[in-house]
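Hi,

Here is the structure I promised to pass along. Have a look at it first, and my notes on the charged pairs follow underneath.

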Amino acid sequence: MARKRAVLIAVLGASLATLAAPVVAQVSLAMLDSLENGGWEVRFRDGSGVRKICVRTGRELIQLRHPEGDCNRFVIEDKADTVTVQYTCRGNGYGRTHIRKESSSLVQLDSQGIAGGKPFQFTAEARRTGTCN
């Protein structure tokens with residue numbers, strides 16, 4: 001009886017550990033959490049114009065070419081001033097984005113991947129401009 005209980009506890013413990021792993025992954029990316037919330041402008045270095053976005057968590061800056069959000073992410077680098085994330089969007093491509101923080105209201109972006117069947121690559125500067133509209 002004690003042996004069955006020990007086996008059951010071990011199986012339940014292993015199951016809970018696998019469920020806890022995704023939660024730990026979601027807690028990372030603290031640098032993005034330190035960015036100021038509000039309206040941000042993304043200025044692309046190729047001169048293709050300005051894109052306005054509302055930043056609530058900082059994670060909105062990761063998938064600028066895949067805004068639908070239903071993508072799997074893998075954190076490559078998670079430091080105090082830089083974050084690199086690779087992501088895959090089932091049926092819609094993938095990307096890899098590197099974000100470097102200059103201040104809580106200014107970051108540099110470098111991203112590349114495939115979106116809508118076509119390759120993309122861009123560098124940009126994102127700056128907080130005020131509140132979200």
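Starting with one acidic residue: D33 has a relative accessibility of 47%, which makes it partly exposed. Keep in mind that this is a predicted model.

I went looking for salt bridges, and the search of the whole structure turned up seven. D33 is in one of them: its side chain meets that of R59, with 2.6 Å from N to O. D33 belongs to helix 2 (residues 30-33), while R59 sits in the loop between strand 2 (50-55) and strand 3 (72-78), so this pair ties together parts that are 26 residues apart in sequence. Unlike partly exposed D33, R59 counts as buried, at 16% relative accessibility.

Next up is the salt bridge between K52 and E41, where the closest N and O atoms are 3.6 Å apart. Here K52 comes from strand 2 and E41 from strand 1 (residues 38-44), so the bridge links parts eleven residues apart in sequence. The two ends contrast in their surroundings: K52 is exposed at 62% relative accessibility, whereas E41 is buried at 16%. There's a bit more going on around E41, since salt bridges with shared partners join E41, R43 and K52 into one network.

One more for your list: E125 and R127 also form a salt bridge, with 3.0 Å between the closest N and O atoms. R127 is partly exposed, with a relative accessible area of 40%.

Give me a shout if you'd like to go through any of these together.

Cheers

Key. Residues are numbered from 1 along each chain as its sequence is written. This is a predicted model: local features need pLDDT of at least 70, side-chain atom pairs count only at pLDDT 80 or more; totals for chains, interfaces and linings use all residues. Side-chain values use heavy atoms; hydrogens and water are left out. A salt bridge is a side-chain nitrogen of Lys or Arg within 4 Å of a carboxyl oxygen of Asp or Glu. Helices (H or I, at least four residues) and strands (E, at least two) are DSSP runs, numbered from the N terminus. Buried means under 20% relative accessible area, exposed over 50%, partly exposed in between (1.4 Å probe, protein chains only).
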